[in-house]
Amino acid sequence: MFEIDKSVPIPLYYQLKQIIMKKIETGEYKPNDRLPTEHELCSMLGMSRTPVRQALTELTHEGILYRRPGQGTFVSDFSLSPSRDIMRIRVLVPEDKWATPLEKAVSQWNEAHSERQVKLNLLLVGYPELHFKIKSALTSGSPPDFFLLDSVSVPNLAKEGFLKPLDEIDPLWIENDYRRDFFPVFVEESTYQGHIYAIPAQTDMALIWYRRDWFKMEGMEPPGTWEELVKTAEHFKKPSVRKKYGLKEYPLGFPGGLKAGETITYFFLPFLWSTGGDVLSNGRVVFDSEASRRALSFLRDLVWKHRVVSPEVVSYEWDKTPKLFAKGEFALAIGGSYESSIIREVSGFGDEDFRKRVGFVPIPASPGGRCTTTAGGMAYAVSANAHDPELVLNILKITTGERFMRAFCLSTGQNPPRISVQRSLDPEKNWFLFKTSAMIYNARVRPLTPEYRRISEQLQVLLENTISGKMDVDEAVRRTACNLEKIIGGDSPISDNAT
């Protein structure tokens, strides 16, 4: 039984923490046992959800418990009674799907090293505010030994001294495997001041989704240029065509405002790069350019001049566009390869129907420009305070090795950053990954700077202000460039919120 004494001046959450720990110490709760749910604990104890959640959250951060979304909260086997014969490694990941390859890698290690067994203490933190949660964990009393992070966070965490350079742990592996088999664009993204700090686990590409079956019936090809994008969208805006396919008023969709977060920056950059523009070059802000104005003007004109995109896109959450596309409300949608699972789930398309009905092409090229795409994804990094960096890296070598990476990418539909895995894909059996992975050869990564997150926030404000028509493109570009200069120079940017 759980017994809480509300008459004493001891916080309720702290009492619950002590009760749970006592039950673990006495063996009433054993490793991997599931605890009652938050709702069940509230009912049992007559408590509100806040202290119950605080108790479970703190025990999770301390490694006593671990959570698996959709399954519950479980007892960890980590640290209440540490064994000298087992090396326990704390791991922080954002989602349950990452547990499988890690657990299999540890199992393989343990089979080959009976004298040096490893146990994982897996902590799930979720994607929202992942960067903040990683920093909080790294500065806690029991930081993780390694963790999974968005690749754009590497320069910031490396600069602040939170990461262990991998080329200092095993320089031979870095030279003979890492640099030879990971695509150069991802090696570049994982490098800060000449050192390698992360191992790419998967990647995704920005692209244009289109209804292949509808395009075929209309005798049309998918767009390869900005002009073709406008023409195809205008075709599907015709009342007779909309009626035929049950389309809504606007045939093209994309996330256009702050609610979409990083997604809007992710898809904007290929439009900017195609014009020859950029955000930074050699550490300097180069955003105040005609190229930036052209890219922004084109996106704004899709809404206000060509009227093929709804003004409501500025209020879209990051996943609204693929959901509406999956429902048949759009003929085309600007997004990313990571949205394939959303489209399949919402549409109900099986693999065969998905292949027949849905197509994808790189972000179209500007006049005189070339098609390009944004590549980005998740990567593993070793904490600077890892108890045994060499052992941790050995586990990660297995996890991100060719066999395990191939299995993970095939099961999740996400692209492999290893060249050998990409080349092993079957054009028919693995058709989606085979075709999307080909885009890697024309891919670029987001600006490599410790200040990337602040820079992206400025770009998100810029895009909402211009796409909504609240701000003139020329003025918006100048003000954004000024704010970016302040960020790079270490000053606070001028507040310029869209709301």
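This report describes the cavities, the aromatic contacts and one helix of a predicted model.

## Cavities

Two cavities of 30 Å³ or more are counted in the model. The largest cavity holds about 60 Å³ of space.

Eight names make up its lining: Trp 98, Pro 101, Ala 201, Tyr 380, Thr 399, Thr 400, Met 405 and Phe 408. Six residues of this lining are nonpolar and two are polar, while none is charged.

## Aromatic pairs

The count of aromatic pairs comes to 27. In one of them, Phe 183 and Tyr 441 meet edge-to-face, with 5.4 Å from centre to centre and 85 degrees between the planes. Phe 183 belongs to the loop between helix 8 (171-181) and helix 9 (184-189), and Tyr 441 to the loop between helix 21 (431-437) and strand 17 (443-444), so this pair ties together parts that are 258 residues apart in sequence. Phe 183 has 4% relative accessibility and therefore counts as buried, the cut-off being under 20%.

Trp 214 and Tyr 245 form a stacked pair, because their ring planes stand at 25 degrees, with the ring centres 5.0 Å apart; planes under 30 degrees apart count as stacked. Trp 214 lies in helix 10 (residues 212-217) and Tyr 245 in helix 12 (residues 239-245), so the pair links distant parts of the chain, 31 residues apart. Both partners are buried: the relative accessible area is 8% for Trp 214 and 12% for Tyr 245.

## An aromatic cluster and a charge

Trp 209, Phe 354, Phe 360, Trp 431 and Phe 432 belong to one aromatic cluster. Arg 344 places its charged end over the rings of two residues named in this cluster, Phe 354 and Phe 432. The distance from the charged end of Arg 344 to the ring centre is 4.1 Å for Phe 354 and 6.0 Å for Phe 432.

## Helix 4

Helix 4 covers residues 99-112, which makes 14 residues. From its first C-alpha to its last, helix 4 reaches 20 Å, close to the 20 Å expected at 1.5 Å a residue.

The buried residues of helix 4 are Ala 99, Pro 101, Leu 102, Ala 105, Val 106, Trp 109 and Asn 110. One of these, Pro 101, is also part of the lining of the largest cavity.

Key:
Residues numbered from 1 in each chain as written. Predicted model: local features only at pLDDT ≥ 70, side-chain atom pairs only at ≥ 80, totals over all residues. Heavy atoms only, no water. 1 Å grid on protein atoms, 1.4 Å probe; cavity = no way out; pocket = protein on both sides within 12 Å on 5 of 7 lines; lining within 4 Å. Points joined across faces, edges and corners; volume = space filled by probe spheres on them. Nonpolar A, V, L, I, M, F, W, Y, C, P; charged D, E, K, R; others polar. Phe/Tyr/Trp six-rings, centres within 6.5 Å; stacked < 30°, edge-to-face > 60°. Helix = DSSP H or I, 4+ residues; strand = E, 2+ residues; numbered from the N terminus. Buried < 20%, exposed > 50% of the residue type's maximum accessible area, 1.4 Å probe, protein only. Lys NZ or Arg CZ within 6 Å of the ring centre and 35° of its normal. Expected span 1.5 Å × (residues − 1).
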